[in-house]
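I am opening a fresh notebook page for a structure I have not met before. Here is what I will be looking at.

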Amino acid sequence: MNPQRTIRRSISCAGIGLHSGNKVTLSLKPAAADSGVRFRRADLGGLEVAAAAEHVGGINYATGLTRDAVRVDTIEHLMAALVSLGIDNVVVELNSPEVPIMDGSAAPFIYLIQEAGVKPLSTARKYLKVMRPMSLTRGDKRIAIYPSDHFKVTYSIAYDHPMLRHQSRTIRLSEESFVEEIAPARTFTFLNEVERLRQQGLALGGSLENAIVIGDTGILNNALRFDDEFVRHKILDVIGDMALIGRPLIGHLVAHRGGHALHTAFAAQVLAQTDAWTLVEGEAADLRGALPSTAPVRVS
Ligand SMILES: [Zn+2]
């Protein structure tokens, strides 16, 4: 069997919330099999909300969870790091409503998880294997998932801006490909949007330290980490948003011009279409979302 995993020991980091501008301490803590990813608000006496599509809610421009009095925002980059490193069960404790933005990518969360270490549990992991296509279209935005032997993502973006028009990329996900090709890609925004966000009381913690800002004649930051860092970041976002399904995916996810609202609505739709997928256990160890087509797979 391919065992579920948690982290070996608790670990913390500190940063600021992108939208709130608040200082926040984030701690990751080991958790039992089948408990999933749970966000805990230490400043609210330890109230929790599970990282599940049914709890999606909160601000625009980021993915948040709400349940009763509990709210957590901007979870997507941390969620992408957790699912891609195969951390099925963990408690994420915060002393503020927003996950720290760090450098705008998932790389700092990768370091954090690697520092904490990975611990296999004695319960099998189950993957959600797509058996027939599903899709969701809203205007010119579209997202779909197709049967595949691996977890793959194709993303395309199109903007009407001289510095950023069309980018497209396909990647077959494994821990290694995520860490090397996707995790370092940073959040981006357009300079003229920054003012608009601030007027809405958002992006108060935003700076060139945690986002790529695209001006009329170029980026305001020193350099990009990849020529197509923008579409790579969209892949990072959709992996984090689809992680709210609560199980790693086996299928080919294809998105065009999506955003958090479309991604998370699609995660809920996939979960609801129970006749379009099946749960399987992988036999090969350490191949989260990247089962070879030759690996025997049991239908549960
Ligand atoms: Zn993002």
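**Entry 1: the zinc ion**

Which residues are the protein donors of the zinc ion? Before answering, I note that this is a predicted model. I looked up the site and found His 77 (NE2), His 233 (NE2) and Asp 237 (OD), at 2.0 to 2.1 Å from the zinc ion. Along the sequence, I wrote down the spacing of these donors as H-x155-H-x3-D. His 77 sits in helix H1 (residues 76-84) and Asp 237 in helix H5 (residues 229-242), so I see a pair that links distant parts of the chain, 160 residues apart.

Next I asked myself: are His 77 and Asp 237 buried or exposed? His 77 has a relative accessible area of 5%, which means that it is buried. Asp 237 is buried too, because its relative accessible area is 6%.

**Entry 2: the largest pocket**

What is the volume of the largest pocket? I noted about 1,100 Å³. I then turned to its lining, which is made up of 46 residues. Nearest the centre of this pocket are Tyr 61, Phe 188, Glu 193, Lys 234 and His 260.

Several elements each give at least two residues to this lining: H1, strand E13 (151-161), strand E15 (188-190), helix H4 (191-199), H5 and helix H6 (260-272). I was pleased to meet H1 and H5 again here, as they also hold the donors His 77 and Asp 237. Sorted by class, the lining has 20 nonpolar, 18 polar and eight charged residues.

**Entry 3: the second largest pocket**

For the second largest pocket I wrote down about 440 Å³ of space. It is lined by 23 residues, and Gly 36, Val 37, Asp 88, Gly 246 and Arg 247 are the closest to its centre. Which element supplies the largest share of this lining? I found that it is H1, with three residues. By class I listed 12 nonpolar, five polar and six charged residues for the second largest pocket.

**Entry 4: a look at Arg 169**

I ended the day with Arg 169, which lies in strand E14 (residues 164-172). Its relative accessible area is 23%, so I put it down as partly exposed. Among the residues that Arg 169 touches are Val 153, Tyr 155, Glu 181, Asp 228 and Val 231. With Asp 228, I found a polar contact of 2.8 Å between the side chains. As for Val 231, I noted a C-alpha to C-alpha distance of 6.9 Å from Arg 169, although the two are 62 residues apart in sequence.

Definitions and conventions:
Residues numbered from 1 in each chain as written. Predicted model: local features only at pLDDT ≥ 70, side-chain atom pairs only at ≥ 80, totals over all residues. Heavy atoms only, no water. Donors = N, O, S within 2.8 Å, 3.2 Å for Na, K, Ca; no water. Helix = DSSP H or I, 4+ residues; strand = E, 2+ residues; numbered from the N terminus. Buried < 20%, exposed > 50% of the residue type's maximum accessible area, 1.4 Å probe, protein only. 1 Å grid on protein atoms, 1.4 Å probe; cavity = no way out; pocket = protein on both sides within 12 Å on 5 of 7 lines; lining within 4 Å. Points joined across faces, edges and corners; volume = space filled by probe spheres on them. Nonpolar A, V, L, I, M, F, W, Y, C, P; charged D, E, K, R; others polar. Contact = heavy atoms within 4.5 Å. Polar contact = N/O pair within 3.5 Å; in protein donor to acceptor, adjacent residues only side chain to side chain. Lists of a residue's contacts leave out its neighbours within four places in sequence.
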